[in-house]
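Biologist: Before we begin, I should like to hear how the terms are justified. Please show the structure, and then let us take the labels in turn.

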Amino acid sequence: MNTSRRGDETEATILGALMALGCSVSVPFRDSDRYDLIVDDSEALHRVQCKTGNWVNGAIRFNLYSSTVVEGSRVDAEYTPDEIDAYAVYSPETKRVYWIPISDTGAGEMRLRVEDPHPKAPKSRINWASDYLVTEQFD
């Protein structure tokens with residue numbers, strides 16, 4: 001499956017999950033905005049960037065940037081709080097949607113841990129996937 005189709009399917013899955021939780025969801029008219037959806041939870045509007053999570057060693061990994069090709073070279077552009085408020089991530093492996101405020105992210109990529117890490121893994125900050133379930137954000 002090509003990446004554009006995969007992104008469309010992820011966006012549709014996220015949109016459906018948010019609507020099932022009672023949110024109103026709007027899709028920008030054109031495809032040049034840095035966000036994919038506007039989510040109205042009746043208290044606030046949220047600019048949301050949708051991502052497909054990849055399964056890596058018991059965690060869901062997703063990029064915190066977009067990639068485009070300009071004059072034959074790949075260009076990565078990080079998202080900023082001026083552009084989006086949150087990431088909504090769909091994991092095909094867990095079949096769940098996660099909501100991550102941009103304030104909880106760093107640079108490059110983020111991993112949401114589903115399984116316990118290997119006992120010899122570095123003791124860095126773990127972002128547990130269960131803490132970011134969209135059902136916990138909008139219940």
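Modeller: Let us start with Arg-34, which is partly exposed at a relative accessible area of 22%.

Biologist: Why is Arg-34 called partly exposed?

Modeller: Buried means under 20% relative accessible area, exposed means over 50%, and partly exposed lies in between (1.4 Å probe, protein chains only). Arg-34 has 22%, so the label is partly exposed. Please note that this is a predicted model, in which local features need pLDDT of at least 70 and side-chain atom pairs count only at pLDDT 80 or more, while totals for chains, interfaces and linings use all residues. Residues are numbered from 1 along each chain as its sequence is written, and side-chain values use heavy atoms, with hydrogens and water left out.

Biologist: What makes the contact of Glu-83 with Arg-34 a salt bridge?

Modeller: The term requires a side-chain nitrogen of Lys or Arg within 4 Å of a carboxyl oxygen of Asp or Glu. In this pair the closest N and O atoms are 3.2 Å apart, so the requirement is met. The two residues are 49 apart in the chain: Glu-83 is in the loop between strand E7 (73–78) and E8, and Arg-34 is in the loop between E1 and E2. Strands are DSSP runs (E, at least two residues) and helices are runs of H or I with at least four, numbered from the N terminus.

Biologist: Is Arg-30, the salt-bridge partner of Asp-33, buried or exposed?

Modeller: Arg-30 has a relative accessible area of 54%, and is therefore exposed. Asp-33, at 25%, counts as partly exposed. Their side chains meet at 3.5 Å, N to O.

Biologist: Which residues form a network of salt bridges?

Modeller: Arg-61, Glu-109 and Arg-111 are linked in this way. Between Arg-111 and Glu-109 the N to O distance is 2.9 Å. The whole structure holds seven salt bridges.

Biologist: How do you know that E2 and E3 pair?

Modeller: Two strands pair if DSSP finds at least two bridges between them. Strand E2 (residues 37–40) and strand E3 (residues 45–52) share four bridges, in the antiparallel sense, so they pair. Val-39, for example, has His-46 in E3 as its bridge partner.

Biologist: What is the order of the strands in the open sheet?

Modeller: The five strands run E1-E2-E3-E8-E9, with mixed pairing. Strand E1 (24–26) and strand E9 (96–101) are the edge strands, because each pairs on one side only.
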